[in-house]
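This briefing is addressed to a computational chemist and covers core packing, one polar side chain and charged pairs. Please consult the sequence and coordinates shown below while reading.

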Amino acid sequence: MPTATLLRPATDADVSRLVTLNNASVPAVPVTPADDMTELLDASSLALVAVDPGTPEDPLGFVVALEGGEDWAGENYAWFEERGLDHLYVDRIVVGEKARGRGIGRLFYDAVFDAARTAGHEVVTCEVNLNPPNPGSLRFHGRLGFEERGQQLTKGGDILVAKLAADVSNAHAPRGPLTDLVPA
C-alpha cells in the first residue's frame with residue numbers, strides 16, 4: 001500500500017532529480033538542463049515537490065508556477081500575458097512514471113488553486129500538447145475544470161498546444177472532456 005504523499009518546497013538540492021524527472025517526461029515538457037531548471041525555480045512564485053514521508057529527499061514529481069506580470073521569456077507564458085489575464089501560470093507539472101496514479105497531480109493542483117485564491121487571481125492557466133498529443137493530460141485538465149482559450153504553434157512550429165484556463169472560483173468544477181482537441 002502506498003504511503004501518504006507530502007508536498008514540500010523545491011530546493012536547490014532537488015534540481016538534479018527534477019531535471020531527471022522532467023527530461024524523462026519529454027515531449028510533454030521541454031528538455032530542461034540544470035541551469036535552466038534553477039532559473040525557472042528562481043523565477044517561480046510556487047515550486048513544490050511531492051515526496052514520500054520516508055524519503056523526503058527524493059522527489060516523486062514537481063510543480064512550478066509563475067505569477068502573472070513577471071518578466072519571464074517563455075513563449076507559452078507570454079501568450080497568456082498578451083491577453084491580460086489575472087492568472088497564476090503553471091509552467092509544468094511532472095510526475096515520475098513510478099508515482100503516477102497516486103493522485104499527485106491533483107495534490108499539485110489543489111496547492112496551485114489555493115495559491116491562486118490567496119493571491120486573488122481570477123484564473124489558473126497552463127498549456128497541454130495537442131501535437132504531439134497528450135490525451136491523458138487533456139482528460140485530467142478537463143476533469144479539473146480547465147477550458148481551452150486558444151491554440152498556439154510553439155518551438156518553431158514543431159509543437160501545437162492548447163492554451164487552458166480554469167476559474168479559481170470554480171476550481172475543480174468539471175467542464176467536460178478536452179479529448180476532442182487532439183488533432184486527427
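Is glutamine 152 buried or exposed? At a relative accessible area of 17%, glutamine 152 is buried, because the limit for that class is under 20%. The model is a predicted one. The points below begin with this residue and then turn to salt bridges and nonpolar cores.

**Glutamine 152 and its surroundings**

- Glutamine 152 belongs to strand 6, which spans residues 147–154.
- Its side chain makes a polar contact with the side chain of lysine 163, at 2.8 Å.
- Leaving aside residues up to four places away in sequence, glutamine 152 touches Glu75, Asn76 and Trp79, together with Ile159, Leu160, Val161 and Lys163.

**Salt bridges**

- The structure contains nine salt bridges, and three of them are described here.
- Lysine 155 pairs with glutamate 75, with 3.6 Å between the closest N and O atoms. Lysine 155 sits in the loop between strand 6 and strand 7, while glutamate 75 is in helix 3 (residues 75–82), so this salt bridge ties together parts that are 80 residues apart in sequence.
- Both partners are partly exposed: lysine 155 has 43% relative accessibility, and glutamate 75 has a relative accessible area of 31%.
- Glutamate 82 forms a salt bridge with arginine 83, the closest N and O atoms again being 3.6 Å apart. Glutamate 82 is exposed at 63% relative accessible area, whereas arginine 83 is partly exposed at 43%.
- Aspartate 167 and arginine 149 form a further salt bridge, with their closest N and O atoms 4.0 Å apart. Aspartate 167 is in strand 7 and arginine 149 in strand 6, so the pair ties together parts that are 18 residues apart in sequence.
- Aspartate 167 is partly exposed at 28% relative accessibility, and arginine 149 is likewise partly exposed, with a relative accessible area of 39%.

**Nonpolar cores**

- The largest nonpolar core comprises 30 residues, and Tyr109, Val112, Val124 and Phe146 have the most contacts inside it.
- Elements that give two or more residues to this core include strand 2 (46–51), strand 4 (87–95), strand 5 (123–131) and helix 5 (135–143). Helix 4 provides the largest share, seven residues.
- Valine 124 touches, among others, Leu88, Val90, Tyr109, Val112, Phe113, Phe146 and Leu164, not counting residues up to four places away in sequence.
- A second, separate core has 20 residues, among them Val29, Phe62, Phe80 and Tyr89.

Note on methods
Residues numbered from 1 in each chain as written. Predicted model: local features only at pLDDT ≥ 70, side-chain atom pairs only at ≥ 80, totals over all residues. Heavy atoms only, no water. Core = buried A, V, L, I, M, F, W, Y, C linked by side-chain atoms within 4.5 Å. Buried < 20%, exposed > 50% of the residue type's maximum accessible area, 1.4 Å probe, protein only. Helix = DSSP H or I, 4+ residues; strand = E, 2+ residues; numbered from the N terminus. Contact = heavy atoms within 4.5 Å. Polar contact = N/O pair within 3.5 Å; in protein donor to acceptor, adjacent residues only side chain to side chain. Salt bridge = Lys/Arg side-chain N within 4 Å of Asp/Glu carboxyl O.
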